[in-house]
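Here is a dialogue between a student and an author about the words used to describe a protein model. Each answer sets a value against a definition.

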Amino acid sequence: VDFRNSGGGLRGAHPFPAGLNDCIKAVEWVNSHRTQLNVDKIVLMGEGGGANLCLAVALRAIQEGRRELIDGVYAHCPYIYGKWKQDPAASAQLFPSLVENAGYVFDALAGVPIERLYCNDAEAPLAWPMSATEKDLAGMPPVTVQVNELDSLRDEGAAFCARLMNAGAAAELRTVAGQVISAAYVYGIRTVTAN
């Protein structure tokens, strides 16, 4: 889904909740056309901000009593914590990978305050899923969180997966050794599967 976002792209900047609304509409459309599309399961997948939106779509479906729309979420290197710029030192203590992996493609603490462009309310769980309560997370569909060892978002994703597990949600954490964020895109790495 090509969604409106705060960075521009589709005819200007569209901060929260524009991208979330676009993604919800896409899921609703696919759900209403399951038979035509021969789709029996809807699993959302995104990387970075896209992973944020996938998790937020699942949270919103739960809030609206429409959990059946989504069968699972695959969140790759999720960018889900909206407080980096509010207190960089505290953020670095919570998520050591922010400092350990600074400079490998993406430096969360030194970059543009992306979170302010998207949504100023760091406590809004539909904008920043890391701020969701245990009650919010309890109804989540199965979630796989994949993080990359050399990614500044690594510990953020791992902490969120632990929160899902503590809330009783079916969750799994996968860590890819030696990889940076967006390695497949940045370096043209292709995955080879052995039969």
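The questions below take up the terms one at a time.

Author: This is a predicted model, in which local features need pLDDT of at least 70 and side-chain atom pairs count only at pLDDT 80 or more, while totals for chains, interfaces and linings use all residues. Residues are numbered from 1 along each chain as its sequence is written, and side-chain values use heavy atoms, with hydrogens and water left out.

Reader: How many helices and strands does the protein have?

Author: The protein has 9 helices and 4 strands. Helices (H or I, at least four residues) and strands (E, at least two) are DSSP runs, numbered from the N terminus. Their order from the N terminus is α-α-β-α-β-α-α-α-α-β-α-β-α.

Reader: Why is there no disulfide between C54 and C23?

Author: A disulfide is a pair of cysteine sulfur atoms within 2.5 Å. The closest cysteine sulfur to that of C54 is in C23, 6.8 Å away, so the two are too far apart for a bond. The structure as a whole holds 0 disulfides.

Reader: What makes C54 buried?

Author: Buried means under 20% relative accessible area, exposed over 50%, and partly exposed in between (1.4 Å probe, protein chains only). C54 has a relative accessible area of 10%, so C54 is buried. Of the 195 residues of the protein, 44% count as buried.

Reader: Why is α1 called roughly perpendicular to α3?

Author: Helix α1 (residues 18–32) and helix α3 (residues 49–63) pack at about 70 degrees, and their axes are 10 Å apart. Axes are lines fitted to C-alpha atoms, for helices over the stretch in contact, and angles run from 0 to 180 degrees between N-to-C directions. Angles under 35 degrees count as roughly parallel, over 145 as roughly antiparallel, 65 to 115 as roughly perpendicular and the rest as oblique. The angle therefore makes α1 roughly perpendicular to α3.

Reader: Which residues of α1 and α3 meet?

Author: Contact means heavy atoms within 4.5 Å. On the α1 side, G19, L20, N21, C23, I24 and V27 take part, and they meet L53, A56, V57 and R60 in α3.

Reader: What is the sign of phi in N38, and is N38 buried or exposed?

Author: N38 is in the loop between α2 (34–37) and β1 (43–47). Its phi is near 55 degrees, a positive value in a residue other than glycine. Most residues other than glycine have a negative phi. The relative accessibility of N38 is 70%, so N38 counts as exposed.
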